[in-house]
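Reader: I would like to learn how to read a structure with several chains. Can we go through it feature by feature?

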Amino acid sequence: MRPTTYHRPLTLKAAAAIHAAGDSAYISGGHTILPAIKQRLAAPENLIDLRHISELTTGIHAEGGLLSIGAAMSHAHVAASAIVRSAIPALAGLAGSIGDPMVRHLGTIGGSVANNDPAADYPSALLALGATVFTDRRSLKADDFFTGLYASALDAGEIVTRITFPVPVSAGYAKFRNPASRYAMAAAFVARFADGSVRAAVTGAGNRGVFRAAAMEAALRQSFSTDALRGLAFEAGDMMSDIHGSAEYRAHLAKVMVQRAVQFTGEARIFK
Amino acid sequence: MALDKCLALSDWAGFEARRAASERAGLRRGRGIACFIEQGGIFNERMELRFDPSGMVTIVAGTHSHGQGHATTYSQMVTEWLGVPFEAIRFIQGDTEKVPFGRGTYAARSSMLGGAALKNAADIVIEKGKAMAGFLLEAKGAGVEFAEGIFRVANTNRTMPLVDVAKAFYRKGGIPKEFGLGLEATGSYAADPPNFPNGCHSCEVEIDPQTGSIVVDRYTSVDDCGRVVNPMICRGQIHGGVAQGLGQAQREGMVYDRESGQLLSGSFMDYAMPRASDIPEIHGEFHEVPCKTNPLGIKGIGEAGTIAAPVAFMNAVADALDGLGVDSDALQMPATPEHIWAAIAAARPHAAA
Amino acid sequence: MTSVQLTVNGKLSTAEVDDQTLLVEFLRDKLRLTGTHVGCDTSQCGACVVHVDGLAVKSCTMLAAQASGASVLTIEGISGGDELHPLQAAFRKHHGLQCGYCTPGMIMCALDMIRRHDGKLDATTVREELEGNICRCTGYQNIVAAILDAAAATRALQV
């Protein structure tokens with residue numbers, strides 16, 4: 001492992017101060033930053049551990065049509081939470097499908113969202129639910145938060161503190177696993193709201209990261225059914241391509257996942 | 001016969017009902033069979049048996065177990081042949097300071113070559129033991145028999161367990177000169193001829209034409225590995241071989257960048273190892289036809305799964321795609337979701353939509 | 001350098017280590033607890049699984065410094081002495097290991113799995129829960145059998 005200096009601040013202020021003082025990366029569950037360092041894709045001189053900052057462990061609450069999840073909540077916590085399972089079961093199912101049990105014990109929603117891995121699950125849920133990301137400085141709407149591959153609107157040193165999700169009438173998540181890494185090769189989160197609006201977000205497939213399927217949203221608003229999606233398709237030119245799936249395949253797979261997120265609304269379904 | 005057993009064990013007759021149920025769920029079910037024969041055992045091998053003054057014996061093995069349970073299997077053999085208690089048997093392998101010579105483990109060779117070489121060594125121990133037993137029991141020209149770990153002077157009730165005879169080879173004095181001091185034996189055996197493990201495996205898959213996803217729903221194995229020395233170990237070898245064979249057929253592959261030669265599947269992030277949820281429960285049986293060309297009747301077991309599984313799997317895939325106009329001869333391994341989907345889409349676009 | 005203090009298998013350990021020392025390196029190199037293995041180093045294979053504060057984690061993807069102050073349980077710590085833990089006994093009985101490289105990780109994952117499911121497991125659930133543990137030798141079948149056996153034994157003890 002590349003040399004680094006470990007810090008364990010107890011407050012957000014202390015964490016931000018260390019970050020501002022030198023080349024740093026935050027570490028939450030560590031399952032993104034540590035593999036990145038091992039593969040020489042990152043080499044922060046300082047690693048700032050966020051797991052002992054009380055302001056981040058605000059827990060899970062549901063109130064007034066909003067579900068609030070603290071940034072430090074692990075995937076296992078979110079998956080097992082009776083509140084999340086009741087309010088947005090597809091979100092609980094999504095969290096329960098991330099990685100494996102060991103990964104879920106350490107990985108956090110804050111870390112996943114801040115990193116915006118193009119094959120991560122959470123960004124699609126935030127985008128589809130129209131979530132709000134709260135940081136130590138401000139709040140950002142999901143539509144403004146995810147800006148590209150591994151890129152977000154966070155400023156240097158900014159820390160995600162919690163995320164709030166409007167509770168939809170129903171939501172579904174469908175994911176097709178990459179055969180090797182088991183991340184999303186294409187996955188879709190589709191949410192339907194009381195005012196009739198529909199939001200659909202795709203992860204794992206787009207070559208600019210997580211994105212909203214605007215044309216499909218409009219069709220689903222007219223009729224929330226898989227039939228409504230007939231004739232609609234994603235462009236291969238907008239998709240990622242690698243040894244596991246060509247752009248053409250991903251374009252097709254992403255559409256199938258949107259269909260299945262609609263078909264199985266109310267739950268998360270994982271395919272492989 | 002292996003084929004008949006496999007068909008029965010896999011509920012071949014019940015397939016149509018399962019296929020119809022799959023179809024109602026929008027999935028295509030197919031089944032495949034692999035009747036295979038392979039060559040087991042190669043080169044020659046050397047095994048030693050060394051007793052110590054306490055009557056314990058050490059197996060010094062030229063083969064090298066990396067999980068195949070040699071310590072157990074060879075000890076079973078020694079206990080059966082020589083009557084040494086299982087707990088009094090030690091096992092050494094792999095240390096070039098302690099093992100004078102060996103060829104290792106691969107090519108399904110250890111049970112036959114290691115076992116037969118061990119038998120050779122055990123037979124030498126018995127011969128030496130007979131001579132010592134005859135001396136100790138004052139046979140004076142009468143024959144000495146050996147059975148169930150005990151030496152007996154023929155037609156008498158004068159007996160001595162082999163373990164005690166072995167200890168006698170370490171006495172401080174009074175050992176006939178021609179016996180030497182100590183009891184050990186070196187045995188060898190050559191794969192001349194080799195053996196021919198064979199069998200019949202069957203596989204059922206369910207394909208989702210919309211995604212190309214393949215689920216292996218059912219796997220049945222009937223294997224003739226000759227005499228089965230340890231059924232649990234042999235079953236374990238089949239399980240592991242089948243999982244590896246299915247992995248090769250469905251998901252594993254070394255992928256290189258054509259221009260740079262860079263390995264693209266260089267970690268498990270990109271090399272698709274099968275997980276527990278990718279492999280079905282394997283229902284298996286043994287069909288024991290003792291090998292006639294080695295003293296133990298043994299055939300190899302280590303490779304059978306890897307040989308049969310890819311064939312059974314790809315045949316099942318071809319069967320599942322039958323009727324869609326897919327050229328099954330053009331299917332490649334690994335049969336990844338994209339590969340299967342693309343084959344369906346090319347032949348029958350609306351089926352893959 | 002940073003000072004880490006971990007309680008490992010009930011015993012307090014304090015050491016000065018390089019900040020970037022992984023928990024698995026600390027356990028293996030500093031404490032000579034070599035039952036925890038490094039298989040892939042890319043966080044997939046699960047050969048490195050230990051428990052930190054009661055939760056199964058991949059020790060190759062955690063700094064020793066992150067675990068400082070916590071209680072760590074490794075494969076060496078699950079049995080009381082000379083007697084095998086029921087999971088270890090089950091793996092032995094069912095031939096749930098061949099080369100043994102993945103085995104400590106499998107057992108530590110299984111221990112966590114049984115606790116979280118209160119011993120109520122079926123084969124499908126066990127196979128899904130083993131998503132983060134890779135085995136080449138066994139084809140998983142006997143591992144699943146061993147875990148189900150140990151889970152049933154755990155339930156029987158609770159009654």
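Reader: Where in chain B does P334(B) lie?

Author: First a caution: this is a predicted model. P334(B) sits in the loop between α7 (304-321) and α8 (337-347) of chain B.

Reader: What kind of peptide bond runs from M333(B) to P334(B)?

Author: The general idea first. Most residues other than glycine have a negative phi, and most peptide bonds are trans. The bond from M333(B) to P334(B) is cis, with omega near -5°. A cis peptide bond also joins D192(B) and P193(B), where omega is about 10°. P193(B) belongs to the loop between β8 (184-190) and β9 (198-208) of chain B.

Reader: Which sign does phi have in A108(B), and where is A108(B) found?

Author: Phi of A108(B) is positive, near 50°, and the residue is not a glycine. A108(B) is in the loop between β4 (89-93) and α4 (110-136) of chain B.

Reader: Does that loop position leave room for a choice: is A108(B) buried or exposed?

Author: Count the neighbours. A residue is buried if 20 or more other C-beta atoms lie within 10 Å of its own, and exposed if 12 or fewer do. A108(B) has 28 C-beta neighbours inside 10 Å, so it counts as buried.

Reader: And R32(C): buried or exposed?

Author: R32(C) has 8 C-beta neighbours inside 10 Å and therefore counts as exposed. Its phi is positive too, about 55°, although R32(C) is not a glycine. R32(C) is found in the loop between α1 (23-30) and β3 of chain C.

Reader: Next, the sheet. What is the order of the strands in the open sheet of chain C?

Author: Read across the sheet, from one strand to its neighbour. The order of the 5 strands is β2-β1-β5-β3-β4 in chain C, and the pairing is mixed. β2 (11-17) and β4 (55-58) of chain C stand at the edges with a single partner strand each, so one side of each has no neighbour in the sheet. From one strand to the next, the twist averages 40°.

Reader: In which sense do β1(C) and β2(C) pair?

Author: Strand β1 (residues 2-8) of chain C pairs with β2(C) in the antiparallel sense, over 7 bridges. To follow one bridge, start at T7(C): its partner in β2(C) is L12(C).

Reader: Which strands does α4(C) touch?

Author: α4(C) packs on the sheet and touches β3 (49-52) and β4 of chain C. The direction of α4(C) makes about 40° with that of β3(C).

Reader: Which residues of helix α3(C) are buried?

Author: In α3 (residues 86-93) of chain C, the buried residues are P86(C), L87(C), Q88(C), A90(C) and F91(C). Their cover includes α4 (103-116) and α6 (141-158) of chain C. After α3(C) comes H95(C), with a positive phi near 55°.

Reader: Now the chain contacts. How many residues of chain A and of chain C are in contact?

Author: The size of an interface is often given as the accessible area lost when the parts come together. Here we count residues instead. In this case 20 residues of chain A are in contact with 25 residues of chain C. α6(A) gives the most to the side of chain A that touches chain C, with 5 residues. By class, that side of chain A has 9 nonpolar, 6 polar and 5 charged residues.

Reader: How many residues does the contact take from chain B and from chain C?

Author: The contact takes 21 residues from chain B and 22 residues from chain C. Helix α6 (residues 231-250) of chain B gives the most to the side of chain B that touches chain C, with 8 residues. That side of chain B has 10 nonpolar, 9 polar and 2 charged residues.

Methods: Residues numbered from 1 in each chain as written. Chains lettered and ligands numbered in written order. Predicted model: local features only at pLDDT ≥ 70, side-chain atom pairs only at ≥ 80, totals over all residues. Contact = placed C-beta atoms within 7 Å. Helix = DSSP H or I, 4+ residues; strand = E, 2+ residues; numbered from the N terminus. Nonpolar A, V, L, I, M, F, W, Y, C, P; charged D, E, K, R; others polar. Pairing = 2+ DSSP bridges. Axes fitted to C-alpha atoms, helices over the stretch in contact; angles between N-to-C directions.
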